[in-house]
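Student: I'd like to learn how to read a fold like this one. Can you walk me through it?

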Amino acid sequence: MSERLETRDLVVERGGRAVLHGVSTPFAPGWTAIVGPNGAGKSTLLRSLAGLHGAVRGQIRLDGRSLDGWRPAERARRIAWLDQQGEAGGELTARDIVALGRLPHLGLFGAPSAADAEAVRRAMALTECEAWADRRLHELSGGERQRVLLARALAVEAPVLLLDEPTTHLDPPHQVALVRLLQQLGAEGRTVVSVLHDLPLALLADRIVVMAEGRVRAAGPRDDPALHAVLGEVFLGAVRIERVGSAWIAVPQP
């Protein structure tokens, strides 16, 4: 199921202003966390990877082919996306919303099979939202909605999973559960890329991309000392990365 995603000299503008400046970085199978200060271009990069922002220059490649070269239906089966402001409403139940994740496989008029139903059930089990499968989204709390929308992305069963702030509204136990799930998916060979503001959670990823002012300032495994130094720089000395046991933590600096 593994597929490689990468950018080459990517330049993206929004409102006539360059937001990404020559970003070149690979996203290999495993879990990559994108971090950086506000306005660094993290979400713009993620949306570009999803094909939601066109490039002024440069290229995004999926499995060795330009992203623009994939037919929309093929791309939708290979890349699942969770927006930072993801929402769905109306009279659809949580189960109905998760089932929307099967549309890339079914099309608009395809009849769901037993395999589709199993994919929906499995996604809801992974995000622990089965208990309210028959409730409507507007009846759920923010954290419950987030887990349903995450399940919708998982139901695609795509080899590439792009998540913008997936821990939004989640309480600490479910943040930990999500981290374990992303680690598991990465270990299974999926390419998981998430934007995270929470540095302690990001430091649990396999690989970290540090951004500032629309550029990649560092990229590497979570235990890379050079990457830790750049993290301190881009956050203006407000954090220091230290090792505690087998884990790396971000220590606030006065």
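**Sheet, patch and salt bridges**

Tutor: Let's start with a single residue: Glu233 is partly exposed, at 48% relative accessibility. Keep in mind that this is a predicted model.

Student: Which residue does Glu233 form a salt bridge with?

Tutor: First the general idea: side chains of opposite charge can pair when their charged atoms come close. Here the partner is Arg217, with the closest N and O atoms 3.1 Å apart. Glu233 sits in helix H9 and Arg217 in strand E10, so the pair ties together parts that are 16 residues apart in sequence. Arg217 is partly exposed too, at 41% relative accessibility.

Student: How many salt bridges does the count come to?

Tutor: The count comes to 14. One of them joins the side chains of Arg136 and Glu91, at 2.8 Å from N to O. Arg136 is in the loop between helix H5 and H6, while Glu91 is in the loop between E6 and H3, so this pair links parts 45 residues apart in sequence. As for accessibility, Arg136 is partly exposed at 28%, and Glu91 is exposed at 56%.

Student: What about a pair inside one helix?

Tutor: Look at Arg122 and Glu118, whose side chains meet in a salt bridge at 3.3 Å, N to O. They are four residues apart in helix H5, which means about one helical turn separates them. Arg122 is partly exposed at 32% relative accessibility, and Glu118 is partly exposed at 31%.

Student: Now the sheet. What is the order of its six strands?

Tutor: To read a sheet, follow which strand pairs with which. This open sheet runs E6-E7-E8-E3-E9-E10, with mixed pairing. Strands E6 (79-82) and E10 (215-221) are the edges, each pairing on one side only. On average, neighbouring strands are turned by 15 degrees against each other, direction ignored.

Student: How many bridges join E3 to E9?

Tutor: Four, and the two strands run parallel. Within E9, Val210 is the bridge partner of Val35.

Student: Which strands does helix H9 lie across?

Tutor: Helix H9 (residues 225-234) lies across E3, E9 and E10, at about 145 degrees to E10. Helix H6 (residues 142-155) lies across E6 and E7, running at about 170 degrees to E6.

Student: And which residues form the nonpolar patch on the surface?

Tutor: Leu92, Leu100, Leu103, Leu108 and Phe109, with about 550 Å² of accessible area together. Leu100 is in the loop between helix H3 and helix H4, and is partly exposed at 33% relative accessible area.

Definitions and conventions. Residues are numbered from 1 along each chain as its sequence is written. This is a predicted model: local features need pLDDT of at least 70, side-chain atom pairs count only at pLDDT 80 or more; totals for chains, interfaces and linings use all residues. Side-chain values use heavy atoms; hydrogens and water are left out. Two strands pair if DSSP finds at least two bridges between them. Axes are lines fitted to C-alpha atoms, for helices over the stretch in contact, and angles run from 0 to 180 degrees between N-to-C directions. Contact means heavy atoms within 4.5 Å. Patches are made of residues with over 30% relative accessible area and no salt bridge: like charges are joined within 9 Å, nonpolar side chains (Val, Leu, Ile, Met, Phe, Trp, Tyr) within 5 Å. Accessible areas come from the Shrake-Rupley method with a 1.4 Å probe; for residues, only the protein chains shown count as cover. A salt bridge is a side-chain nitrogen of Lys or Arg within 4 Å of a carboxyl oxygen of Asp or Glu. Buried means under 20% relative accessible area, exposed over 50%, partly exposed in between (1.4 Å probe, protein chains only).
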